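Got the viewer open? Let's take a walk through this structure, one selection at a time.

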Amino acid sequence: MFLLTSLIAGGSTFGFATNRSDQGLTESEDQESRQLAIQFSTRFVETMDLDSIVKDLYVTDFAEHYRSSKAKSLTRGTSPNLYFVPGLDYNARLLREADAKDWQRFYIATNNFVFFGVMFGIKNYSGSPESLKSETLYPSSVIKLLNSNPNLANLIERKGNSKAVSSVEEMHKAAATLEQAAALMREKQKGKPILRLDEKELHRVMKQDEFFRPRLEISDDEFDLPQSTRIIFINTPLLFRLMLVKAKGQIKILWADPFVID
């Protein structure tokens with residue numbers, strides 16, 4: 001399945017230039033980062049919606065940071081189309097033409113949709129690629145819905161060259177289609193979480209497993225953040241990777257990328 005198998009572990013679409021820091025995380029940063037990763041995971045599973053998580057756990061202007069950082073990282077000769085998630089690209093003009101509200105809606109709609117694929121992938125994976133066929137992750141009505149939008153036709157499974165989202169109108173239509181798809185998935189679940197997460201067990205596993213160890217990097221470019229900003233990366237049990245920064249004395253999510261491990 002293109003959506004899952006194309007996600008690359010450890011990658012970030014945010015575009016920050018960072019250097020590894022010789023200075024380790026403080027005990028407080030370590031604990032707060034792990035707790036935030038657990039909170040992100042449990043709330044996403046319970047609500048099946050990123051919207052309230054963005055309001056409560058993200059940096060307030062995260063979408064504006066994304067626009068600015070991506071625009072500043074563009075160089076002459078850069079491809080006009082930029083990656084957002086596997087199978088979904090956008091034209092770089094949208095970094096100027098779409099505002100922060102447009103980007104936030106697009107981000108939430110896209111990652112809500114990815115969330116359902118990841119959750120059903122985790123639930124149905126049996127060790128064989130056959131268990132990750134499109135029809136085992138999304139109902140036929142959702143597959144048909146995405147195929148009706150040329151910008152989203154490759155989001156579940158690659159069928160040819162992708163058509164990048166190239167205008168604000170196309171961005172709005174793509175977001176609306178993804179929102180409709182997520183609504184169909186929630187309706188199918190009838191309010192029941194796809195998976196059950198035990199918060200105590202998550203604490204134990206994340207403390208013992210090196211895969212969940214927070215990693216500190218130091219920003220070596222401005223990218224709309226002060227130089228030497230401490231950036232913390234942490235993997236979550238939902239196969240989302242969080243990028244964290246401290247805002248007003250509290251660690252918040254700056255960005256979250258979905259991924260799977262090869």
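## First stop: a pair of charged side chains

Select Glu210 and Arg213: their side chains meet in a salt bridge, with N to O at 2.5 Å. (A salt bridge here is a side-chain nitrogen of Lys or Arg within 4 Å of a carboxyl oxygen of Asp or Glu.) Glu210 is exposed, with a relative accessible area of 53%, while Arg213 counts as partly exposed at 44%. For these words, buried means under 20% relative accessible area, exposed means over 50%, and partly exposed is in between, using a 1.4 Å probe and protein chains only.

Before moving on, a word about what you're looking at. This is a predicted model, in which local features need pLDDT of at least 70 and side-chain atom pairs count only at pLDDT 80 or more, while totals for chains, interfaces and linings use all residues. Residues are numbered from 1 along each chain as its sequence is written, and side-chain values use heavy atoms, with hydrogens and water left out.

## Zoom out

Show the whole chain as a cartoon. You'll find ten helices and seven strands; these are DSSP runs numbered from the N terminus, with helices being H or I of at least four residues and strands being E of at least two. Of the 262 residues in the chain, 50% are buried. Take the contacts (heavy atoms within 4.5 Å) with a separation of 6 or more: residues 24 or more positions apart account for 68% of them.

## More salt bridges

How many salt bridges does a search of the whole structure find? The count is 14, and a few are worth a click.

Go to helix H10, residues 199-208, and pick Glu201 and Arg204, which sit three residues apart there, about one helical turn. They form a salt bridge, their closest N and O atoms being 2.5 Å apart. Both ends are partly exposed: Glu201 has 35% relative accessibility and Arg204 has 39%.

Now jump to helix H4, residues 62-73, and select Glu64 and Arg67. They too are three residues apart, or about one helical turn, and their side chains meet in a salt bridge of 2.8 Å, N to O. Check how covered each one is: Glu64 is partly exposed at 30%, whereas Arg67 is buried at 13%.

For a group of three, select Asp30, Arg34 and Lys207, which are linked in a network of salt bridges.

## Along strand S6

Next, select residues 240-247, which make up strand S6. Is S6 mostly covered or mostly uncovered? Six of its eight residues are buried, so the strand is mostly covered. If you show side chains, remember that in a regular strand they alternate between the two faces of the sheet.

S6 has partners to look at. Add strand S5, residues 230-235: it runs antiparallel to S6, and four bridges join the two. (Strands pair if DSSP finds at least two bridges between them.) Label Asn235 and you'll see it opposite Arg241 in S6. Four residues lie between the strands in this hairpin, where Leu239 takes a positive phi near 65°.

Then add strand S7, residues 250-258, which is joined to S6 by eight bridges and also runs antiparallel to it. Here Phe240 stands opposite Pro258 in S7. The hairpin of S6 and S7 has two residues between the strands, and Lys248 in the turn has a positive phi of about 55°.

## Two loops with positive phi

Step back to the loop between strand S4 (215-219) and S5, where you'll find Ser228. Its phi is positive, about 70°, although Ser228 is not a glycine. Ser228 is exposed, with a relative accessible area of 52%.

Now select Met48, in the loop between helix H2 (27-47) and helix H3 (51-57). Phi of Met48 is near 55°, again a positive value in a residue other than glycine. Is Met48 buried or exposed? Its relative accessible area is 4%, so Met48 is buried.

## Last stop: Arg186

Keep Met48 on screen and add Arg186, which lies in helix H9, residues 168-189. The two are 138 residues apart along the chain, and their C-alpha atoms are separated by 7.2 Å. Leaving out residues up to four places away in sequence, Arg186 touches Thr47, Met48, Asp49, Asn112, Phe116 and Gly191. Arg186 itself is partly exposed, with a relative accessible area of 22%.
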